Amino acid sequence: MNTGRLSEYGENMDFQVGQVVKLKKQHPCGANAWEIIRVGADFRLRCTGCSHQVMLARRLVEKNFKGFAENA
Ligand SMILES: [Zn+2]
């Protein structure tokens, strides 16, 4: 996973609804894996730990992106 090449608006990265991404930003519940509920300029993400949903700007998702979770 090449994390050193993130474009400003994410055209290099192919996020899709249903994927689970790991972020550097950890939710207070302890989980750092988030299921993608909606993509766009802002993403809707659901915490895999507690099912809390958040909206996060795409560039912040990319900035905090650590990889895709292998097992949700
Ligand atoms: Zn959580």
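**A walk through a five-stranded sheet**

Of the 72 residues in this protein, 11% are buried. The model is a predicted one. It contains one helix and five strands. Along the sequence, these elements follow the pattern β-β-β-β-α-β.

Start with the sheet. The five strands form an open sheet with antiparallel pairing, in the order β4-β3-β2-β1-β5. Two strands sit at the edges: β4 and β5, the latter spanning 65-68. Each of these edge strands pairs on one side only. From one strand to the next, the twist averages 40°.

Now cross the sheet strand by strand, beginning at the β5 edge. Strands β1 and β5 pair in the antiparallel sense over three bridges. Here Leu 23 stands opposite Phe 65 in β5. On to the next pair. Strands β1 and β2 also run antiparallel, and three bridges join them. Lys 22 has Ala 33 of β2 as its bridge partner. Val 20 stands opposite Glu 35, again in β2.

Next comes the pair of β2 and β3. Strand β2 covers residues 33-38 and strand β3 covers residues 42-47. They run antiparallel, with four bridges between them. One matched pair to find is Ile 36 and its bridge partner in β3, Leu 45. The two strands form a hairpin, with three residues between them. Look at Gly 40 in the turn: its phi is positive, about 160°.

The last step leads to the other edge. Strand β4, residues 53-57, runs antiparallel to β3. Five bridges join the two. Phe 43 has its bridge partner in β4, namely Leu 56. This pair of strands makes a hairpin too, with five residues between the strands.

Stop at Ser 51, in the loop between β3 and β4. Its phi is near 70°, a positive value in a residue other than glycine. Is Ser 51 buried or exposed? Count the neighbours: 10 other C-beta atoms lie within 10 Å of Ser 51. A residue with 12 or fewer counts as exposed, so Ser 51 is exposed.

Compare that loop with another one. Ala 31 lies in the loop between β1 and β2. It has 16 C-beta neighbours inside 10 Å, and therefore counts as partly exposed. Which residues does Ala 31 touch, not counting residues up to four places away in sequence? They are Cys 47, Thr 48, Gly 49 and Cys 50. Take Gly 49 from that list. Ala 31 and Gly 49 are 18 residues apart along the chain, yet their C-alpha atoms are separated by 5.2 Å. Across the whole protein, residues 24 or more positions apart account for 33% of the contacts with a separation of 6 or more.

Turn now to the nonpolar core. The largest one has seven residues: Val 21, Leu 23, Ala 33, Trp 34, Phe 43, Leu 45 and Val 61. Strands β1, β2 and β3 each supply at least two residues of this core.

Strand β1, residues 20-23, shows how a strand can present two faces. Its covered face holds Val 21 and Leu 23. Its uncovered face holds Val 20 and Lys 22. Both residues of the covered face, Val 21 and Leu 23, appear in the core listed above.

End with Ala 33, a residue that links several parts of this tour. Ala 33 belongs to the largest nonpolar core. Ala 33 is also the bridge partner of Lys 22. Which residues is Ala 33 in contact with, leaving aside its neighbours within four places in sequence? They are Val 20, Lys 22, Thr 48 and Ala 69. Val 20 and Lys 22 are the residues on the uncovered face of β1. Thr 48 is also touched by Ala 31, the loop residue visited earlier.

Terms used
Residues are numbered from 1 along each chain as its sequence is written. This is a predicted model: local features need pLDDT of at least 70, side-chain atom pairs count only at pLDDT 80 or more; totals for chains, interfaces and linings use all residues. Two strands pair if DSSP finds at least two bridges between them. A nonpolar core is a set of buried Ala, Val, Leu, Ile, Met, Phe, Trp, Tyr and Cys residues joined through C-beta atoms within 7 Å. A residue is buried if 20 or more other C-beta atoms lie within 10 Å of its own, exposed if 12 or fewer, and partly exposed in between; C-beta atoms are placed from the backbone. Two residues are in contact if their C-beta atoms, placed from the backbone, lie within 7 Å. Axes are lines fitted to C-alpha atoms, for helices over the stretch in contact, and angles run from 0 to 180 degrees between N-to-C directions.
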